[in-house]
Amino acid sequence: MKFTFLGSGTSQGIPIIGCTCKVCTSDDKKDKRLRSSLLVQSKNTTVNIDAGPDFRYQMLRAGVMKMDAIIITHEHMDHTAGLDEVRAFNFILNKPMEIYATERVQKRLREQYSYIFQNGDYPGVPQVVLKTIDMKTPFTIGDIKFIPIKVMHGQLPVLGFRMGDFTYVTDANYIGETEKNLIKGSKHFVVNALRKKNHHSHFTLDEAIELTKELGVENAYFTHISHQLGLHAEVSKDLPKGMQLAWDELIIESGVGSKE
């Protein structure tokens, strides 16, 4: 399988509107971060994890021509604000888009996108089919198996996923022991590392590093990064072996490694 970071930034992205800090004004492409999202591709199946406000551009930049389904980790707008853009795939593929989410998240989507669910026959309205995720039950889309991993984002339950030897966790500051056991044995582990200073609902960089050490994962990639973390090049110098900051358009091939 191939995993592409379509975005590695936090809710405001980088650069932030109106900010003149050294990160937001950096010329390094690795400091340009769209909202966090992951493209998962096997030989026959294409799935996107989350569809934030940058979804349209992310699809264009990555040259995505087909999409079998979208998985929503949780209901915050930086992970859902791009769902209207599935209209393009409706037209290209001539079918509704399958949206996988928990019942709680589905309820919120129906509120956020009431025009989709109340006016489904209106020309141009996105066509979607909601599929329910049980937090304790693995599921398969095409030929890709997804194992849900429940994490906590402050007081909000969020889903991470294990796909083969690759585990993806965004928006978390707590992972229980049972869920940690689902992650152990992964070759590649992606987890959020918002900044260095403590945060009420995100892991800090130090917390993400300690978690990775605890889990004994071979390769870690830190995502959902804010401008407060610092410049990609400077932060990267101090990371332990096997750990790195993710960046937009980073590709990880399961069992192969990573490349730009």
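Here are four short exercises on the predicted model above, each with a worked solution.

**Exercise 1. How far can you trust the coordinates?**
Find the average pLDDT of the protein chain, then find where pLDDT stays under 50.

*Solution.* Start with the whole chain: the average pLDDT is 96, and 97% of the residues score at least 70. Next, look for the weak spot. Over residues 256-260 the pLDDT stays under 50. The model does have 14 contacts beyond four places in sequence for that stretch, but predicted coordinates should not be read in detail where pLDDT is low.

**Exercise 2. Walk across the open sheet.**
Work out the strand order of the 7-stranded open sheet, and say which strands sit at its edges.

*Solution.* Step across it strand by strand and you get β7-β8-β9-β10-β11-β12-β13, with mixed pairing. The edges are β7 (139-141) and β13 (243-245), each of which pairs on one side only. From one strand to the next, the twist averages 25°.

Now zoom in on one pair. β11 (residues 188-192) and β12 (residues 219-223) run parallel and are joined by 5 bridges. Take Phe189 as a landmark: its bridge partner in β12 is Ala220. Finally, add the helix. α7 (residues 205-215) packs on the sheet and touches β11, β12 and β13; its direction makes about 155° with that of β11.

**Exercise 3. Place strand β1.**
Which strands does β1 pair with, and how well is β1 covered?

*Solution.* Take one partner at a time. With β14 (residues 251-253), β1 runs antiparallel, and 3 bridges join them; here Thr4 stands opposite Ile251. With β2 (residues 37-41), the pairing is also antiparallel, over 5 bridges, and Phe5 has Leu38 as its bridge partner. As for cover, β1 (residues 2-7) is mostly hidden, with 5 of its 6 residues buried.

**Exercise 4. Explain a polar residue inside.**
Is Asn48 buried or exposed, and what do its side-chain polar atoms meet?

*Solution.* First locate the residue: Asn48 lies in β3 (residues 46-49). Then check the accessible area. The cut-off for buried is under 20%, and Asn48 comes out at 0%, so it counts as buried.

Now list the company. Beyond its neighbours within four places in sequence, Asn48 is in contact with several residues, including Leu6, Leu38, Phe55, Met59 and Ile71. Last, look for polar partners. The side chains of Asn48 and Ser37 make a polar contact of 2.9 Å, while the backbone oxygen of Asp50 lies 2.7 Å from a polar atom of the Asn48 side chain.

How values were computed:
Residues numbered from 1 in each chain as written. Predicted model: local features only at pLDDT ≥ 70, side-chain atom pairs only at ≥ 80, totals over all residues. Heavy atoms only, no water. Pairing = 2+ DSSP bridges. Helix = DSSP H or I, 4+ residues; strand = E, 2+ residues; numbered from the N terminus. Axes fitted to C-alpha atoms, helices over the stretch in contact; angles between N-to-C directions. Contact = heavy atoms within 4.5 Å. pLDDT = per-residue confidence, 0-100. Buried < 20%, exposed > 50% of the residue type's maximum accessible area, 1.4 Å probe, protein only. Polar contact = N/O pair within 3.5 Å; in protein donor to acceptor, adjacent residues only side chain to side chain.
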